[in-house]
Amino acid sequence: MGIKWNEMLVGGDPLLVGSQIAIVLTVVAIVVGLTYFKKWGWLWREWLTTVDHKKIGIMYILSGVLMFFRGGMDGLLMKAQTARPEMSFLDAQHYNEIFTTHGVIMILFMAMPFLIGLMNVVVPLQIGARDVAFPQLNALSFWLFFSGAMLFNISFVVGGSPDAGWTSYFPLAGKEFSPGIGNNYYAIALQIAGLGTLMTGINFIVTILKMRAPGMTLMKMPMFTWTTLITSIIIVAAFPIFTVALALMTFDRLYGTHFFTLSSGGSDMLWANLFWLWGHPEVYIVILPAFGIFSEVIATFSRKTLYGYTSMVISIVGIAFLSMIVWVHHFYTMDAGPAVNSFFSITTMLIAVPTGVKIFNWLFTMRKGRIQFTTAMLWALAFVPNFVIGGVTGVMLAMAAADFQYHNTLFLVAHFHYVLIPGVVFAVFAGLYYWWPKMFGFMLNEKLGKYHFWLFTIGFNVTFMPMFFLGLKGAVRRAYTYSAESGFAPLFLVSAIGSIILAIGFAVFCYNIYWSFRYAKRNVSHDPWDARTLEWMTASPVQFYNFAVVPEVKQLDAFWHMKKRGETLTLKESDIKKIHMPSNSGLPFYMAVVFGITGFFLVFEAHIAAAVAAIGIVVGLIIRSFDYNDGYYVSVDEIKQTERTWRNVEGGTENHVG
Amino acid sequence: MKRLFSLLVAGLLPLLGGCEMVVFQPQGPAARSITELINWSIWWMLLVVVVVFALFAYIVWKYRDRPERKGEEPPEEHGSTVLEIVWTVIPILIVIALTIPTVRTLYDLEKPPKGYEDQEPLVIHVTSADWKWIFSYPEQNIETVNYVNIPANRLVLFKMTSASTMQSFWVPALAGQKYTMNKMETELYVVAERPGSYEGRNTNFNGRGYAHMQFEVLAQTPKEFEKWVQEVKQKAPKLTKEKYEELLLPTHLGRLTFIGTHLQWVNHADAHSKTYTNPELYRGHGYQGKTFTDEDNYKSSSSSNCNEEDEQQALESDSGGEHHGH
């Protein structure tokens with residue numbers, strides 16, 4: 001097959017050898033544990049083959065937590081290396097790999113699965129549907145994402161990580177300057193994961209357009225559903241560009257074509273354009289669902305309907321449109337000329353307008369409300385000032401002429417962390433604390449949640465605020481070290497200390513999951529926050545068919561008004577009809593395995609082996625084509641039984657917010 | 001409270017002010033016009049921050065849940081068209097206030113700065129390579145590595161390109177940055193108003209040697225500059241083709257000075273110039289993949305290479321696998 005197996009493991013560095021040992025031990029522990037507790041069957045039936053949107057959502061979120069840990073470790077290593085000038089903790093090569101994987105993992109394997117996970121759990125419930133439009137496709141989306149993520153993650157111990165930055169700029173990322181296979185991982189793992197994301201986009205567009213409960217017109221949809229719809233549209237518009245770019249990159253690296261190379265007429269500028277044509281919309285793919293989460297959380301805990309609903313919808317559509325025509329602001333310095341730069345400066349600054357509208361609408365949602373400081377709400381509150389700092393520095397960067405002094409400096413790095421951490425990570429935390437009872441039937445501990453909140457937000461500011469000033473002093477991104485004479489040292493040290501506080505905050509979150517899983521009360525109400533949208537009509541945790549009877553929607557915040565009319569817990573058993581549900585399938589998991597193997601061989605440039613493995617993909621497609629299983633029915637008796645169980649105990653449960 | 005604040009300021013000052021922020025200390029007209037633009041934007045942005053923060057603090061404090069508000073039902077309100085128009089129009093006005101000077105500065109930066117329009121610029125070719133900066137003075141017939149001497153108060157035109165990866169030329173005290181790209185030429189007008197030493201560096205990540213890819217811009221009085229040129233012409237070695245090819249290998253070099261410029265053999269900005277890549281020298285970490293040789297490489301003779309046949313086979317076997325799907 002032409003693979004030199006003995007050269008595959010990356011060795012030498014004690015950090016890497018330690019990780020290799022840790023990975024092997026973890027895998028052994030999982031296998032032994034599953035065998036000892038006889039959980040293999042359970043794992044296969046309940047999780048690996050599930051097509052239930054809620055379980056798929058939970059698997060996405062679990063992957064997000066794991067990847068947050070991995071990306072966070074990368075971040076901490078970078079902070080340790082730059083804590084003092086001229087440190088030799090990491091060498092340049094190792095540092096380059098770490099900031100590359102940090103960026104890729106945080107955007108594509110942390111932010112994306114967290115948000116897609118929440119979309120999966122929540123959106124069908126919010127629109128009164130029993131699952132997404134294509135449940136098996138949904139499972140395939142998850143498993144392809146997971147396959148890509150795992151393939152990418154093994155790179156640092158098997159074969160070497162990509163080391164050309166998460167932007168993977170050519171010609172650096174090409175064979176001319178990176179002959180190691182590290183960047184093959186980038187091209188192929190992201191391709192596999194990207195296929196999954198594209199399918200998610202299609203799935204959610206159809207789900208939201210076709211499967212809403214009767215009476216729920218577009219303008220009566222909850223805001224998170226709106227943002228998911230728009231996000232899905234951006235995914236479908238932008239991800240194919242990335243697919244093409246990665247395919248061309250694969251051809252360049254594996255087969256010696258010249259799309260982006262220096263030699264034989266390739267164009268490195270073409271990669272930059274294609275990358276950001278996807279990359280900028282990608283930023284909005286992660287930020288828009290986050291805006292939706294904040295909208296839900298702020299409305300619920302202000303106990304008011306969202307202020308300016310219509311202008312909120314117009315704003316997200318506006319942001320989506322603008323997101324497609326700003327990509328050049330990532331390389332004003334490429335010298336496309338003042339006219340081009342002026343155009344993109346204006347479009348970029350215009351994004352501040354709909355975003356500002358949203359900020360003011362959130363503030364006015366809270367005005368005259370009764371603001372409850374739950375952990376979920378704290379995240380939403382902290383989002384506003386922190387994101388405003390990210391936003392105004394974004395406008396400063398948008399001004400092309402000024403950008404000539406900020407570009408590629410830590411000022412830029414500080415800016416996008418101020419946008420992405422409050423914008424996405426805070427939203428994910430808010431969403432997790434908020435929807436956790438729907439997923440698991442118990443709440444995350446509020447007190448630990450507040451420790452998590454304060455440590456994380458303070459740590460975040462201490463880490464990234466100094467970077468603005470470092471950037472203005474001339475410190476550039478991606479440099480593994482700096483001289484003592486540069487005068488950068490004190491601020492870098494502050495930043496490193498901040499990152500430790502940030503990490504402790506995340507550790508408290510993980511501990512909170514553990515603690516709540518072990519000790520939290522299980523008699524949680526179906527509507528612990530006194531919330532407003534349809535997902536809170538269902539049990540906690542949600543019964544597998546979601547709704548015994550699909551509710552009829554009369555206005556925005558449908559559930560809130562149902563409660564006002566006293567219609568919530570009454571269910572006429574005569575209305576119950578048998579429910580059609582999709583059957584589980586092992587095919588998505590199988591596809592993830594064959595895609596993973598094919599990808600692995602392609603990464604190592606074993607073309608024949610890859611071609612053989614790819615036959616497995618085709619076999620999967622054929623099997624799917626002859627799959628006539630179109631689901632099963634849940635009997636009326638079973639539904640009655642399930643509904644009685646949770647509705648009867650409802651009187652004895654605890655409402656956490658009165 | 002006030003004492004706490006002054007303590008806080010006193011604590012932070014050494015961190016922030018300990019050394020100055022180069023972006024706010026421009027030493028030339030190009031950098032100065034950008035600094036002015038930045039200052040203008042900072043005032044507007046401070047205004048936004050103050051307004052939003054104040055509104056945020058007021059609302060969160062005033063409408064917080066208190067024990068005596070238990071059971072209170074907030075009013076349902078769906079929005080206000082007037083208010084929503086207000087907070088759409090004001091940001092648009094701010095964007096306009098920022099756009100006008102941005103566009104003006106963008107166009108100005110393309111031209112020689114005011115007061116220097118009449119000067120004949122000193123043209124210096126900049127070639128970035130892994131991991132060094134090469135400066136060629138065609139007029140003086142001098143080439144330097146990792147430092148560039150310029151006469152102060154004189155218009156300098158940098159014509160920039162790259163022999164390798166995409167890089168970015170940045171001397172923050174004198175001007176904003178621009179990319180250097182192989183087979184492309186970007187131009188940057190720079191004037192240093194005072195003699196002095198200014199730091200320059202690459203800001204666009206380009207591999208292992210990136211962190212140390214710095215250079216010095218030394219602005220001298222015209223007399224000193226002339227003296228330096230004469231000295232170089234007496235003492236410096238002659239640049240040979242072999243020596244130049246050695247310079248382009250992926251290495252760190254200190255300062256070097258030569259008589260003659262590489263422009264006599266190759267200008268990397270020329271779209272049809274040879275490609276100076278050496279993939280084999282970038283091998284090192286991790287599992288190694290296949291590399292390809294190209295006809296337009298400076299080492300290749302124009303005859304075809306044997307590698308290409310292998311590539312063809314690889315392509316065929318792979319597409320064969322995929323065809324099963326149709």
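Visitor: Helices (H or I, at least four residues) and strands (E, at least two) are DSSP runs numbered from the N terminus; how many of each does chain B have?

Guide: Chain B has 6 helices and 11 strands. This is a predicted model, in which local features need pLDDT of at least 70, side-chain atom pairs count only at pLDDT 80 or more, and totals for chains, interfaces and linings use all residues. Residues are numbered from 1 along each chain as its sequence is written, while chains are lettered from A and ligands numbered from 1 in the order in which they are written.

Visitor: What scores does the model get?

Guide: ipTM is 0.92 and pTM is 0.93. For chain B the mean pLDDT (the predictor's confidence in each residue, from 0 to 100) is 88, with 86% of its residues at 70 or more.

Visitor: Where does pLDDT stay under 50 in chain B?

Guide: Over residues 303–326 of chain B, where the model has 25 contacts beyond four places in sequence. Two residues are in contact if their C-beta atoms, placed from the backbone, lie within 7 Å. Where pLDDT is low, the predicted coordinates should not be read in detail.

Visitor: What does UniProt say about chain B?

Guide: An unreviewed entry places a "transmembrane region" at residues 37–61 and 82–103 of chain B. Such annotations may be inferred rather than shown by experiment, and the positions follow the numbering used here, with feature names shortened. In the model, residues 37–61 of chain B are 100% helix and 0% strand, and their end C-alpha atoms are 36 Å apart. Residues 82–103 of chain B are also 100% helix and 0% strand, with 31 Å between the end C-alpha atoms.

Visitor: And what does the record place at residues 119–231?

Guide: The unreviewed UniProt entry has "domain: Cytochrome oxidase subunit II copper A binding" there, in chain B. That span is 9% helix and 53% strand, and its end C-alpha atoms lie 25 Å apart.

Visitor: Which domains does chain B have?

Guide: The assignment, automatic or from a database, gives domain 1 (23–58 + 82–110) and domain 2 (122–264) of chain B. Their C-alpha centres lie 34 Å apart. The contact between them takes 9 residues from domain 1 of chain B and 13 residues from domain 2 of chain B.

Visitor: Switching topic: how many residues of chain B and chain A take part in their contact?

Guide: 95 residues from chain B and 98 residues from chain A. H3(B) gives the most to the side of chain B, with 14 residues. By class, the side of chain B that touches chain A has 44 nonpolar, 32 polar and 19 charged residues. Ala, Val, Leu, Ile, Met, Phe, Trp, Tyr, Cys and Pro count as nonpolar, Asp, Glu, Lys and Arg as charged, and the others, Gly among them, as polar.

Visitor: Is H4(B) in the open or enclosed?

Guide: The number buried among the 14 residues of H4(B) is 1, so H4(B) lies largely in the open. Buried means 20 or more other C-beta atoms, placed from the backbone, within 10 Å of a residue's own; exposed means 12 or fewer, and partly exposed is in between.

Visitor: What about H18(A), open or enclosed?

Guide: H18(A) has 12 of its 17 residues buried, so it is largely enclosed by the rest of the structure. The buried residues include A:Tyr590, A:Phe595 and A:Phe600. The buried residues of H18(A) pack against helices H5, H6, H7 and H19 of chain A.

Visitor: What comes just after H18(A)?

Guide: A:Glu605, which takes a positive phi of about 60°.
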